[in-house]
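Open the model in your viewer and keep the sequence panel beside it. Each stop below says what to select next and then what is there.

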Amino acid sequence: MSTTRDMIEGLRQRLGHSRPLSPPKAVGKIPAPPAKIFPREAHSDAYALAAAEHTTALVGIGHVGTRYATDVVLQFQAELAVAHEAVDAVLPENWAKEQGLLSLNTRVKDHHEFLLRPDLGRRLNDESLERLRREAKRGVDVQPILADGLSAVACMGSGMTLLEAFTRECETRGWSVGTPMCARFARVWLEDEIGQEVQAKVAVILLGERPGLGTGDGLSAYMVYEPRIGKTDGNRNMMSNIHERGTPPAQAARRLAVLAGAMMEQKTSGVPLDLSGLVAELGEAAGRAHRAPQKRVRLVT
């Protein structure tokens, strides 16, 4: 035996016991595992179900232990990716010309500047202003303007469908409609300058709306009577959520035409516009009461 082992053994003897550990206790009988384990049935709480009927937000999504269920996480990530993709998309320079539209550009130079400088997206650059003055019809009743806004995906997806349907609705009512046009890197207030230049009674800009969870392809329409630079949001009426899962383009076109007619009849728009007599045409949108909740539809499955 080595000197080290002799010293350790001697130390154990002085401490009163040569065994370093107490003997193990006897193990009792261990029950056998079940033949099959059934997961607990998923169910939603009654309050969460009721809340979900009043919003498109993610509520009552449940959890697994301390984390979200995998399905919820994947759905959230997928919808967020759709929103990012929509904002990042850029309307190709030749897209408007390929659709047979008068192509216009704002004072924005690139997509990065477009996101940081909304003010530059509200005015045409010099070249486009000259083209508008040279080629567009003037003195029209309604001037529709298609634009990219914050979702070029929506503009390229259902933009032409909405523009053409709205134009037909206006022409059916006997109104003169301005030259079909499309503006790139555009914001809502651009309709003021364009409408003022073409001397339209009503200007309507149809543009990609700010994407959110559940929508990356939605269009919004903003309308103003007697468009002039300096008009405010209080002078406008708008319709959002125009896409197949929200308000389909054909239905939106009819409602927009009804709104345009009301503006020309009452010679105003925005807050002073009275829509109370248009319940049959506009439904609940004509009132100022609480509206029925919209059901959430999964954008990604």
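Two strands pair if DSSP finds at least two bridges between them. Helices (H or I, at least four residues) and strands (E, at least two) are DSSP runs, numbered from the N terminus. The model is a predicted one, in which local features need pLDDT of at least 70 and side-chain atom pairs count only at pLDDT 80 or more, while totals for chains, interfaces and linings use all residues. Residues are numbered from 1 along each chain as its sequence is written, and side-chain values use heavy atoms, with hydrogens and water left out.

**Stop 1: strands E5 and E6**

Select residues 219–225, which are strand E5; this strand pairs with E6 in the antiparallel sense over five bridges. Now add Leu219 and Ile242: the bridge partner of Leu219 in E6 is Ile242. Strand E6 covers residues 236–242, and because five of its seven residues are buried, the strand is largely enclosed by the rest of the structure. Here buried means under 20% relative accessible area, exposed means over 50%, and partly exposed is in between (1.4 Å probe, protein chains only).

Move to Gly234, in the loop between E5 and E6. Gly234 counts as partly exposed because its relative accessibility is 31%. Draw a distance from its C-alpha to that of Met160: the two residues are 74 apart in sequence and 28 Å apart in space.

**Stop 2: strand E3 and its partners**

Select strand E3, residues 181–184. In a regular strand the side chains alternate between the two faces of the sheet. Which residues cover the two sides of E3? Met181 and Ala183 lie on one side and Cys182 and Arg184 on the other, and all are buried.

Next add strand E1, residues 102–105, which runs parallel to E3 and is joined to it by four bridges. Ser103 stands opposite Cys182 of E3. Then add E2, also parallel to E3, with two bridges between them. Ala147 stands opposite Ala183 in this pairing.

**Stop 3: an aromatic pair**

Rings of Phe, Tyr and Trp (its six-membered ring) pair if their centres lie within 6.5 Å; planes under 30 degrees apart count as stacked, over 60 as edge-to-face and the rest as tilted. How many aromatic pairs does this rule give? The count is one. Select Phe114 and Phe185, which form a tilted pair with 5.5 Å from centre to centre and 35° between the planes. The pair links distant parts of the chain, 71 residues apart: Phe114 is in helix H5 (residues 111–116), and Phe185 is in the loop between E3 and helix H8 (190–198).

Are these two rings buried or exposed? Phe114 counts as buried because its relative accessibility is 2%, and Phe185 counts as buried at 4%. Check the backbone of Phe185 as well: its phi is near 55°, a positive value in a residue other than glycine.

**Stop 4: charges over rings**

A charge sits over a ring if NZ of Lys or CZ of Arg is within 6 Å of the ring centre and within 35 degrees of the ring normal. Keep Phe114 on screen and add Arg187, whose charged end sits over the Phe114 ring, 4.6 Å from its centre. Then select Arg122 and Trp189: the charged end of Arg122 sits over the ring of Trp189, 4.8 Å from its centre.

**Stop 5: two loop residues**

Select Lys267, in the loop between helix H9 (249–266) and helix H10 (279–282). Lys267 has a positive phi of about 55° although it is not a glycine. Lys267 counts as exposed because its relative accessibility is 58%.

Finish at Arg210, in the loop between strand E4 (202–208) and E5. Arg210 is exposed, with a relative accessible area of 63%. Add Ser151 and compare the C-alpha atoms: the two residues are 59 apart along the chain, and these atoms are separated by 6.6 Å.
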